[in-house]
Structure formats: structure tokens, C-alpha cells
Amino acid sequence: MSSHDIRRPFKRPAISDQQRRRELSLLRQSQNRRDAQLQARRLASTLLSLQSTQHDYNEQQLDIEVTKVPAELESYAEETEDDYGDHKEAHHDLRQATKLRGHEARLWFAKQLMHPEWMIDVPDNLNTDWYVFARPAGKRCFVVSSNGTTISRLRNGILLHRFPSALPNGARTNNSKSAQSYCILDCIFHESDETYYVIDGVCWAGISLYECAAEFRFFWLNSKLAETGACDAPSTYHRYRFSTLPVYNCDKEGLQTAYAGQVPYVKDGLLFYNKHAHYQTGNTPLALVWKDENCSQYVIDTDNKGQVPSQQQVVLELLDDGRLATSDDPPVIFGCLLGAFVQKTELHRGDLIKFAIGEGGLVVVNGKLEKADLQFLGKSNRARAFADSYSKVLFQHAARYSHLRIEHLFASISSCVEDGNSTQDAEMAG
């Protein structure tokens, strides 16, 4: 067969500006100077100080108050704000969090986690710049160990567990004399085997990992968790087992293993991490989630009865001027509600509102939303922290009509490999 008869694998064209935002995120993180150590210390203090009980699961009784951080940290913040101007807003957010309750507190907690965008387009250099691993199904949470105890909190701030652990300063038996010896892990609690699967880390033994590349964070967590015995079976002073995840380079073999390989937990899609990405709070295009029917039970969102609705549903936030926004920063505007309708339905600024997407669908031009056919359904569940992201809306829409399939991911990897080989051949010929 001649070379011109060989067909290149089909690479799906981009339908959004996700790649451009990835490049901007990498550029921004290289330019930002943040006091990440202070960020980690304040977050640990806040998570540990909350006066919350298991009864907080009753939404009617939920009244979260974020406790004020210690005075010595406040003075440290004032000394560093001039040097870290870009992080000043984060300092402000943490101090203001001392006064938050209810929905605002849930929203604050949700923003402390790094939230992967949904993969709309396959990233450039997927085979060289990205990791992939199978995401466990379960409850996303922060786990914090300090002062001889360990707690886990869901992303809305509600207490999940309080227990002893083998993490640094996580039980009375290994209580460090230093108050700075604390740990913050980003985990998923898998209920069937009562295991915390560690997907990322914010701080270890008082050392901030915010500004470390994912490549280093994964290496560090794998080695340190094994050293402490946190991955051992449960015992008297180690109530729940922790486990790292098998992380692969996203070449053909790695993607195939993550997608079809056996794991000791129920899969809920695949997670992709850019190797150079820092731990960025909020939505980030440098971490991506993707799923299909072969690696997740739920690809298309279901309603409160567990059924797939006939129309796609989205949750948007009502802004001051009636505009309907996603949770992105900056938000994507889907439309606007008339003042009369807002008054009639007794809606208020900050409300999360559920809509169905009608027959008009979504109109996206050059990666930008031009029009959305929204049909009002009512307020969203009160326990929800924030609106849908733009990438989730587009992913869910594509899953119904033109899904980004696993073949597209493999095709992109093959294309990158072929382009790399062609470049090497050209250099050798020159």
C-alpha cells in the first residue's frame, strides 16, 4: 500500500475556546506570585474550626459559620499583601469567610476545591503533556489532619467524618508538637470499601503544594502516603484506609489502561491532568473530566428520580440585572429574565435556577454561546453550591447529540505521534 493510500485517524475539530483558555491558564500561573503557604494554613484552620455535626445533613438545620482564622495569621497576611498583590483577593476572601453562613458558606467551600472542566475538545499534545486516570465514584471532599485528629468535609462544608488517621498529626498517637504539621488532601470517599481515594494534595506536613506542578504533587503524595502507613488497613488509630490512584501518561497504552483496565473501585469517568498545572481553586481547563457508557454509570445527568430527562437540564445563577450565568470566572451568560417574571416567581439575586433546553437548543459560533432556548423549571435543590459550568453544559449537550468518543481521543494521540515523527524525519533529512 502506498503512503498516500494510508488514511490518518479522524481527529474531531474543536467546537469551543477551551484550548485557548488552557494556554491562558498556564501563562497566568507562571506569572502569578501567590502566598500559597498562607492560603493552605488558613484553609486548614477554617476547615478544622467549623462547629458542625453529622446532623448538618438536614438541610433545614444547616447553618454553617466559618470560624475566624488565628490573629497571628492575620498579621502575617498584612505583611505579605504588598508583595503578593495578585493574591490579595484570596486573602480578602478568606477573611470575609469568617462571616459566612448557609448558602454563602457552601459556595465558599466549593470554591476552595479545584474543579476540572468537562472535556469538550481534545487538548493539544495529549500524549506528552497530560496524565490520565480512572476517577472513583463517590463523595468529593477535603480531608484535613491536625492537632491529633482528622476530619473530612464535603465540598459544601458539611462534615462527613471525624476520625483518627495515620496522616501527619492525624491521631493522638502521632500528634506532632508543631501546630504547623497539618495535611490537606483532595479526596473521593468510596463508600462500598470505605476508602478515601486521594486524587490530589493541597498541603503535606505544613508544606504547601498549591504552586507545585501536578507531576510533582502526584510523585510526592504517592511516596509520602506510603511512608506514613495511611494506605494500610484500618486499625484503632487509623479508622479509614487511604489509597492513591494509578496515574498514567496519556499515550495510547496509558489511555487504554485507564479506560478499560481493572480497578478496585467503581469508575465514574476519566480524569485528565496537565502535567504542569498548579492546584488552582475553582474551575480550571488544566484538569478535565470525560466519560462514556463504558467507564461511567451516569454519562447524561439524571433527575431526582434517577431518570434521564427527555430534555437537557441546566442550572444557572440569577445575577443582579436578571442575567443568567454559569459558575465560570468570568461567567458565561445564557440569557436574561424580565423583572416582572422575577417578581412573579419570587426569585432573588444568587438563586440557582433550573431550566430545560428546548427544541431551539444551543447555538455556539466560534466557540462562543450565541443563543440558548431556555425553559424555566424552578429553583434548584437548596443543598447545591453553585451553577453548572459552561463546559458541563456543552459536554452534556454533546453527549446527547454528538458525543466526544474514546476513538476521538485515540485519534488525537495518533495524530500527535505522527506529527512528531514527521518533524523528526524532516530534521534528520535537513
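User: Which elements each supply at least two residues of the lining of the largest cavity?

Analyst: In this predicted model, the elements that each give at least two residues to the lining of the largest cavity are β7 (195–204) and α7 (214–228). The greatest share comes from α7, which contributes 4 residues. The full lining consists of F133, V198, I199, D200, R217, F218, L221, N222, T244, L245 and V247, and by class it divides into 7 nonpolar, 2 polar and 2 charged residues.

User: What makes this space a cavity, and what is the volume of the largest cavity?

Analyst: A space is called a cavity because a 1.4 Å probe fits inside but cannot get out. The volume of the largest cavity is about 80 Å³, and with a threshold of 30 Å³ or more the count comes to 1 cavity.

User: How much space lies in the second largest pocket, and which residues lie nearest its centre?

Analyst: The second largest pocket holds about 1,800 Å³ of space. Its lining is made of 49 residues, and those nearest the centre are W118, R155, D301, R384 and K392. Two or more lining residues come from each of β1 (114–118), β2 (130–136), β3 (139–146), β11 (267–274), β12 (282–290), β13 (313–318) and α10 (390–401). By class, this lining has 19 nonpolar, 15 polar and 15 charged residues. At least three of the lining residues are drawn from domain 1 (18–48 + 99–290), and at least three from domain 2 (313–408).

User: Why is D186 called buried or exposed?

Analyst: The relative accessibility of D186 is 0%, and since buried means under 20%, D186 counts as buried. D186 belongs to strand β6 (residues 183–190). Setting aside residues up to four places away in sequence, D186 touches L113, M114, R140, C141, F142, Y197, V198, I199, D200, G201 and Y279. One of these partners, I199, is 13 residues from D186 along the chain, and the two C-alpha atoms are separated by 5.9 Å. I199 is also among the residues that line the largest cavity.

User: Why is V363 placed in the class it has, whether buried, partly exposed or exposed?

Analyst: V363 has a relative accessibility of 34%, which is neither under 20% nor over 50%, so V363 counts as partly exposed. V363 lies in strand β16 (residues 352–365), and beyond its neighbours within four places in sequence it is in contact with K368, L369, E370 and K371. Between V363 and D373, which are 10 residues apart in sequence, the C-alpha to C-alpha distance is 8.8 Å.

User: What makes the buried residues of α8 line one face of the helix?

Analyst: The buried residues of helix α8 (residues 252–260) are G254, L255, A258 and Y259. Looking down the axis of α8, these buried residues fall within an arc of 125°, and therefore they line one face of the helix.

User: What is remarked on in the phi of N125 and in the phi of N147?

Analyst: Phi is near 55° for N125 and near 55° for N147, and in each case this is a positive value in a residue other than glycine. These values are picked out because most residues other than glycine have a negative phi. N125 sits in the loop between β1 and α6 (126–129), while N147 sits in the loop between β3 and β4 (149–154). The relative accessibility is 39% for N125 and 45% for N147, and because partly exposed covers what is neither under 20% nor over 50%, N125 and N147 each count as partly exposed.

User: How do you know whether the peptide bond from D329 to P330 is cis or trans?

Analyst: The omega of this bond is near 0°, and the peptide bond from D329 to P330 is cis. Such a bond is worth pointing out because most peptide bonds are trans. P330 is found in the loop between β14 (323–325) and β15 (333–336).

User: What does the chain as a whole look like in its secondary structure, its buried residues and its contacts?

Analyst: The chain has 11 helices and 17 strands. Of its 430 residues, 52% are buried, with each of them under 20% relative accessible area. Among contacts with a separation of 6 or more, 71% join residues that are 24 or more positions apart.

Key: Residues are numbered from 1 along each chain as its sequence is written. This is a predicted model: local features need pLDDT of at least 70, side-chain atom pairs count only at pLDDT 80 or more; totals for chains, interfaces and linings use all residues. Side-chain values use heavy atoms; hydrogens and water are left out. On a 1 Å grid over the protein atoms alone, a cavity is a set of points where a 1.4 Å probe fits but cannot get out, and a pocket is an open set with protein on both sides within 12 Å along at least five of seven lines; lining residues have an atom within 4 Å of a point. Grid points are joined across faces, edges and corners, and a volume is the space filled by probe spheres set on the points. Ala, Val, Leu, Ile, Met, Phe, Trp, Tyr, Cys and Pro count as nonpolar, Asp, Glu, Lys and Arg as charged, and the others, Gly among them, as polar. Domain bounds come from an automatic or database domain assignment. Buried means under 20% relative accessible area, exposed over 50%, partly exposed in between (1.4 Å probe, protein chains only). The arc is that of the directions from the helix axis to the C-beta atoms. Contact means heavy atoms within 4.5 Å.
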